[in-house]
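Visitor: Please take a close look at a single part of this model and describe how that part is put together. A connected account would suit me better than a list.

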Amino acid sequence: MYETEVSVEVDFVSNKLYPSMVFGFGSTAMLTLKMLYPEAIFYNFVFHSQNQQIESGYRKIEDEFTLFGIKVTEIENLI
């Protein structure tokens, strides 16, 4: 886990961090980070919600992740 007081994108760039792998849980910061660090491997872990509006919003984000080459993995498939 990585904590920052500014956006993760600004923190990585200002601290000259070059990740080889990034894990996330639906954060759109992953799209920006993928553009900044195209050589890194990105994984997004999916949780499901009973709220259909939330679920629908996350599915749209996941579609974008897939287009950018971010691997999307459902938590249920890890267990």
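Guide: Contact here means heavy atoms within 4.5 Å. By that criterion, Leu-33 touches Val-8, Glu-9, Phe-12, Val-22 and Phe-42, with residues up to four places away in sequence not counted. The model is a predicted one, and the part to look at is the surroundings of Leu-33 and the sheet beside it.

Leu-33 belongs to the largest nonpolar core, which has 10 residues: Phe-12, Val-22, Met-30, Leu-31, Leu-33, Tyr-37, Ala-40, Phe-42, Phe-65 and Ile-70. Helix H2, residues 29-36, supplies the largest share of this core, with 3 residues. In soluble globular proteins, nonpolar side chains tend to be buried together.

Next comes the sheet. It is open and made of 3 strands in the order S1-S2-S3, with parallel pairing. S1 and strand S3 (71-74) stand at the edges with a single partner strand each, so one side of each has no neighbour in the sheet. On average, neighbouring strands are turned by 20° against each other, direction ignored. H2 packs on this sheet and touches S1 and S2, and the direction of H2 makes about 170° with that of S2. Helix H3, residues 52-67, lies across S2 and S3 and runs at about 160° to S2. Between S2 and S3, which run parallel, there are 4 bridges. Asn-44 stands opposite Val-72 in S3.

The aromatic rings complete the picture. A search of the whole structure finds 5 aromatic pairs. In one of them, Phe-23 and Phe-45 are stacked, at 5.9 Å centre to centre and with 10° between the planes. The angle qualifies because planes under 30 degrees apart count as stacked. This pair links distant parts of the chain: Phe-23 is in strand S1 (residues 21-24) and Phe-45 in strand S2 (residues 41-46), 22 residues apart.

Are these two rings buried or exposed? Phe-45 is buried, with a relative accessible area of 14%, whereas Phe-23 counts as partly exposed at 48% relative accessibility. The two fall in separate classes because buried means under 20% relative accessible area and exposed over 50%, with partly exposed in between. Ring pairs also link Phe-23 and Phe-45 with Phe-25 and Tyr-43 into a cluster.

To return to the starting point, Leu-33 touches Val-22 and Phe-42, and both of these are listed with Leu-33 in the largest nonpolar core.

Note on methods: Residues are numbered from 1 along each chain as its sequence is written. This is a predicted model: local features need pLDDT of at least 70, side-chain atom pairs count only at pLDDT 80 or more; totals for chains, interfaces and linings use all residues. Side-chain values use heavy atoms; hydrogens and water are left out. Rings of Phe, Tyr and Trp (its six-membered ring) pair if their centres lie within 6.5 Å; planes under 30 degrees apart count as stacked, over 60 as edge-to-face and the rest as tilted. Helices (H or I, at least four residues) and strands (E, at least two) are DSSP runs, numbered from the N terminus. Buried means under 20% relative accessible area, exposed over 50%, partly exposed in between (1.4 Å probe, protein chains only). A nonpolar core is a set of buried Ala, Val, Leu, Ile, Met, Phe, Trp, Tyr and Cys residues joined through side-chain atoms within 4.5 Å. Two strands pair if DSSP finds at least two bridges between them. Axes are lines fitted to C-alpha atoms, for helices over the stretch in contact, and angles run from 0 to 180 degrees between N-to-C directions.
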